[in-house]
Amino acid sequence: MPRTPAHFLRRKPPFFHLVPLRARRDGWTVARQCHFLAQLYLTGSVTTAARAVGMSRASAYRLREQEGAESFAHAWDSIFVPPGMEHRSTAKIDWRKVTNPTLVWWVKTGLVRPEIWQGRMTGTRRKADNSALLRLLRRHDAAHRASGVEEAEW
């Protein structure tokens, strides 16, 4: 009886927010973060995935623990959710704890996801983070109303 390839038992990485880091040539770039998640999906091994992107296993776990890496950690965890259990893996964002500078960062960088085809990462897909934009606009409107400034007629 043929065995099912291991990556069929895992889920493809979802869209996630990039971990905000200083720009370094040898650091965790956008491409490395996406490529790491793609390799983690394909191999199921943190060590192998980290080696594939030229980083260490310890560095990958440090990246996961960085401030602002919650979305990356959720994408990492969701790869290993068994099929049929997806509804339990959705992480809810506590919007009360998200600061305005974080929302601005999310709006500027958007969401990214590695594209995987035939067992290889073929690129990255980006999309706007509309939830963060709408949340930021709502907060701006509330602050404007609270300031007591009259709105101009259009």
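This report describes the overall make-up of one protein model and then turns to a surface patch and two buried residues.

The model is predicted, so that local features need pLDDT of at least 70 and side-chain atom pairs count only at pLDDT 80 or more, while totals for chains, interfaces and linings use all residues. Residues are numbered from 1 along each chain as its sequence is written, and side-chain values use heavy atoms, with hydrogens and water left out.

**Overall make-up**

The protein holds 6 helices and 3 strands, where helices (H or I, at least four residues) and strands (E, at least two) are DSSP runs numbered from the N terminus. Read from the N terminus, the order of these elements is β-α-α-α-α-α-β-β-α. Of the 154 residues, 32% are buried, a word that stands for under 20% relative accessible area, whereas exposed means over 50% and partly exposed lies in between (1.4 Å probe, protein chains only). Among contacts (heavy atoms within 4.5 Å) with a separation of 6 or more, 63% join residues 24 or more positions apart.

**The surface**

About 10600 Å² of the protein is exposed, and carbon and sulfur atoms supply 53% of that area; accessible areas come from the Shrake-Rupley method with a 1.4 Å probe, and for residues only the protein chains shown count as cover. Val 107, Leu 133, Leu 134 and Leu 137 form a nonpolar surface patch with about 310 Å² of accessible area together. Such a patch is made of residues with over 30% relative accessible area and no salt bridge, its nonpolar side chains (Val, Leu, Ile, Met, Phe, Trp, Tyr) being joined within 5 Å. Helix α6 (residues 130-147) gives the most to this patch, with 3 residues. Leu 137 lies in that helix and is partly exposed, at a relative accessible area of 44%.

**Two buried residues**

Arg 10, in the segment before β1 (16-17), is buried yet has no salt bridge, since the nearest side chain of opposite charge, Asp 77, is 13 Å away; a salt bridge needs a side-chain nitrogen of Lys or Arg within 4 Å of a carboxyl oxygen of Asp or Glu. Beyond its neighbours within four places in sequence, Arg 10 contacts residues including Gly 44, Ile 79 and Phe 80.

His 17, in strand β1, is buried with a relative accessible area of 7%. Residues touching His 17 include Phe 72, Trp 106 and Asp 129.

The table lists polar distances for both residues.

| Side chain | Partner | Distance |
|---|---|---|
| Arg 10 | Tyr 41 backbone oxygen | 2.7 Å |
| Arg 10 | Leu 42 backbone oxygen | 3.1 Å |
| His 17 | Asp 129 side chain | 2.4 Å |

Methods
Patches are made of residues with over 30% relative accessible area and no salt bridge: like charges are joined within 9 Å, nonpolar side chains (Val, Leu, Ile, Met, Phe, Trp, Tyr) within 5 Å. Lys and Arg count as positive and Asp and Glu as negative; His and the chain ends are not counted. A polar contact is a pair of N or O atoms within 3.5 Å; within protein, one must be able to donate a hydrogen and the other to accept it, and residues adjacent in sequence count only if both atoms are side-chain atoms.
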